[in-house]
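Visitor: Hi, I'm new to this one and could use a walk-through. Can we put it on screen and chat?

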Amino acid sequence: MLNLRGTGQHLGHALRRHAFPTANQALQPIPSRTGSSIGSTSLHGTDNTDFIDDVKTVRAARQASETTWRYNRMLSVCAAAQDFHGAERILQRLLKDQVQADATTMALVVSASAEARDVIRADLWLRRIDGTGLYPEVPHHDEVLQSLSEAGAAALLPPEARQPSQEPEEGPSDTPGSFGEFVLKCRELSSSSAGLKQRDVLSAEKLFDTMLDKGAEATTESYNMLLGLLARAGMWDRAQARLKEMRQADIEADAFTYCELINGCAESTRNVSQAEKIFTDAVESGVQRTLPLMNAVLKVCARAGDVESADRWLLRIHGAGISPDIVSFNTFLSACARAGDEARAEDLLKRMPKQSITPDAPSYMSLVGASAKARSGKAAESWFFKSVKAGLPQAGAANLVLQAFVQDRDEAGLLEFYQKLKAQELPRNVPTFMIMADFYARRQDPERVEDIMFELKSSGFKMRQPQFACLLGAYADAKQTDPKRAERVFRDMISEGLHANETVVKHLQQAVGSRAASALLAECSPRRVGWRQKKK
């Protein structure tokens with residue numbers, strides 16, 4: 001801990017001279033001002049009082065947040081300039097104007113002291129903040145962590161920030177003669193969200209051969225991993241060649257081998273005939289008809305949206321003396337959802353309890369999807385609330401309902417359903433907010449788009465390029481353009497360390513003009529602009 005002995009008189013004099021706010025003044029929440037109007041927002045024919053009140057509430061909260069943001073911007077300038085006196089004066093002005101301080105406000109005040117290398121003052125602020133219990137996240141705030149680290153005041157950092165846990169991740173060994181490196185490569189490719197690329201699969205296949213050359217002993221499991229990659233990448237000639245090689249080496253191809261191939265078919269070709277042929281080859285090779293193997297073929301039917309084939313395979317499972325499980329039924333429901341076949345989906349849902357199968361969240365998701373595919377917003381909403389009643393609400397299912405209303409051009413249904421989600425505090429995610437933001441952007445209502453983005457951030461989500469692009473697009477298409485707001489949004493995006501992609505640049509040019517957009521891009525893109533400019 002820092003030694004404060006001998007500094008009290010000097011520090012007290014400094015605090016009085018600069019009219020330092022008291023702990024109660026600076027750290028107590030201030031009630032938000034009310035009375036904000038809805039501005040230019042048009043509700044287009046709805047007389048829903050709850051909806052109007054909700055818009056007013058969100059608008060008032062957003063405007064209060066924007067005011068806090070402006071003060072935080074001024075505080076960030078003071079922090080970058082190492083001007084803790086200026087930061088404290090701005091805090092006083094914030095209190096005088098009855099603006100609500102947030103965690104970033106207090107973090108920037110601490111940061112201003114740390115940037116000026118006045119760690120005594122920074123420590124005093126941290127103690128005051130901790131004593132109130134109102135802003136527990138301040139000691140962990142990026143501004144505080146970075147500025148204290150640069151000031152050499154690591155003793156003021158939280159213990160977990162000083163000694164981060166760096167437990168090594170356990171993985172398969174890569175001793176000579178093992179396939180450890182190949183297994184890690186397969187895990188990396190399988191977990192990638194970018195999708196399999198043939199060049200990456202060829203690289204993994206080459207690594208497999210390298211392991212063989214080093215004396216590693218191939219097993220059914222290692223071949224299964226390779227076959228799965230080849231099949232999912234649609235490299236069927238190579239997969240067939242490897243399967244033949246596997247047999248020639250007297251390595252057994254088991255049910256999992258053929259499951260890998262059929263699952264790969266579901267992800268690449270979605271060819272039901274091809275999947276059925278692989279299944280036939282498996283049975284002729286002596287592999288038993290297992291439920292996972294038959295479910296794999298059912299999955300290909302579902303991916304293809306082939307309800308007739310899915311129905312036929314569900315009957316074949318029964319015919320093999322095997323009881324379908326929840327995966328079997330949900331896969332069939334998924335086929336119905338892709339085909340928009342509400343009738344069959346509903347019929348199967350009624351049959352499930354008779355076979356001691358309780359519908360789960362994916363079951364209802366498929367039913368909502370089937371109704372959404374049929375562009376029946378009300379039916380999709382009905383199934384969604386049945387899932388809520390069953391205790392299985394999902395944000396993904398809610399999004400399907402919203403999209404169904406949008407496709408059905410049912411504006412009243414869309415707004416009413418969204419209000420129900422909020423009122424009942426049902427799950428919402430980033431796509432939920434984006435559906436609503438896009439809806440208002442198409443209506444040329446940037447104010448409501450801003451409200452939705454505020455709700456997104458208030459729900460704990462961060463804005464990324466798609467959200468910033470949506471906002472800029474709303475400004476660009478608005479009846480009355482507002483270049484200054486568009487410029488501020490763009491600068492916010494850059495300050496978050498996000499680059500300007502093609503969509504962002506396009507909407508920025510439309511919102512502020514080509515010349516102003518070029519100037520902004522030249523100014524902001526070459527470097528990261530944050531709360532604090534890095535000192536040269």
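Visitor: Let me start with a spot I clicked on. Which residues does Ala-339 touch, not counting residues up to four places away in sequence?
Guide: Ala-339 touches Gly-305, Val-307 and Lys-373, where a contact means heavy atoms within 4.5 Å. Before we go on: this is a predicted model, in which local features need pLDDT of at least 70 and side-chain atom pairs count only at pLDDT 80 or more, while totals for chains, interfaces and linings use all residues. Residues are numbered from 1 along each chain as its sequence is written, and side-chain values use heavy atoms, with hydrogens and water left out.

Visitor: Okay. Where is Ala-339 placed?
Guide: Ala-339 belongs to helix 17, which covers residues 326–339. Helices here are DSSP runs of H or I with at least four residues, strands are runs of E with at least two, and both are numbered from the N terminus.

Visitor: Is Ala-339 buried or exposed?
Guide: Ala-339 is partly exposed, at 40% relative accessible area. The cut-offs are under 20% for buried and over 50% for exposed, with partly exposed in between, using a 1.4 Å probe and protein chains only. Its C-alpha atom is 8.8 Å from that of Ala-304, 35 residues away along the chain.

Visitor: What about Thr-331, buried or exposed?
Guide: Thr-331 is also in helix 17, and its relative accessibility is 12%, so this residue counts as buried. Leaving aside neighbours within four places in sequence, Thr-331 is in contact with Leu-298, Lys-299 and Ala-302.

Visitor: Zooming out, how many helices and strands does the protein chain have?
Guide: There are 28 helices and zero strands. The chain has 536 residues, and 46% of them are buried. Among contacts with a separation of 6 or more, 68% are between residues 24 or more positions apart.

Visitor: Which residues have the most contacts inside the largest nonpolar core?
Guide: Those are Phe-182, Leu-261, Ile-262, Phe-384 and Phe-490, in a core of 120 residues. A nonpolar core is a set of buried Ala, Val, Leu, Ile, Met, Phe, Trp, Tyr and Cys residues joined through side-chain atoms within 4.5 Å. Helix 15 gives the most to this largest core, with nine residues. Another core, of 31 residues, lies apart from it and includes Leu-75 and Val-119.

Visitor: And what does Phe-490 touch, not counting residues up to four places away in sequence?
Guide: Phe-490 touches Leu-472, Ala-500, Val-504, Leu-508, Leu-520, Leu-521 and Cys-524.

Visitor: Leu-261 caught my eye too. Which residues of helix 13 are buried?
Guide: Leu-261 is one of them, along with Thr-257, Tyr-258, Cys-259, Ile-262, Gly-264, Cys-265 and Ala-266. Their cover includes helix 11 (220–232), helix 12 (236–248), helix 14 (272–284) and helix 15 (291–304).

Visitor: What caps the N-terminal end of helix 13?
Guide: Asp-254 does, with a side-chain oxygen 3.1 Å from the backbone nitrogen of Phe-256.

Visitor: You mentioned helix 11. What is Ser-222 in contact with, leaving aside its neighbours within four places in sequence?
Guide: Ser-222, which is in helix 11, is in contact with Phe-179, Phe-182 and Phe-208. Ser-222 is buried, at 6% relative accessible area.

Visitor: New topic: how many disulfides does a search of the whole structure find?
Guide: Zero. A disulfide is a covalent bond between the sulfur atoms of two cysteines, and the cut-off used here is a pair of cysteine sulfur atoms within 2.5 Å.

Visitor: Why is there no bond for Cys-301?
Guide: Because the closest cysteine sulfur, in Cys-265, is 9.6 Å from the sulfur of Cys-301, too far for a bond. Cys-301 is also buried, at 0% relative accessibility.

Visitor: Last stop, helix 24. How many of its residues are buried?
Guide: Ten of its 13 residues are buried, so helix 24 is mostly covered. Among the buried ones are Arg-448, Glu-450, Asp-451 and Glu-455. Gly-460 follows helix 24 and has a positive phi, near 95°.

Visitor: Which loop holds Gln-444?
Guide: The one between helix 23 (430–442) and helix 24. Gln-444 has a positive phi of about 55° although it is not a glycine, and it is partly exposed, at 37% relative accessible area.

Conventions. A polar contact is a pair of N or O atoms within 3.5 Å; within protein, one must be able to donate a hydrogen and the other to accept it, and residues adjacent in sequence count only if both atoms are side-chain atoms.
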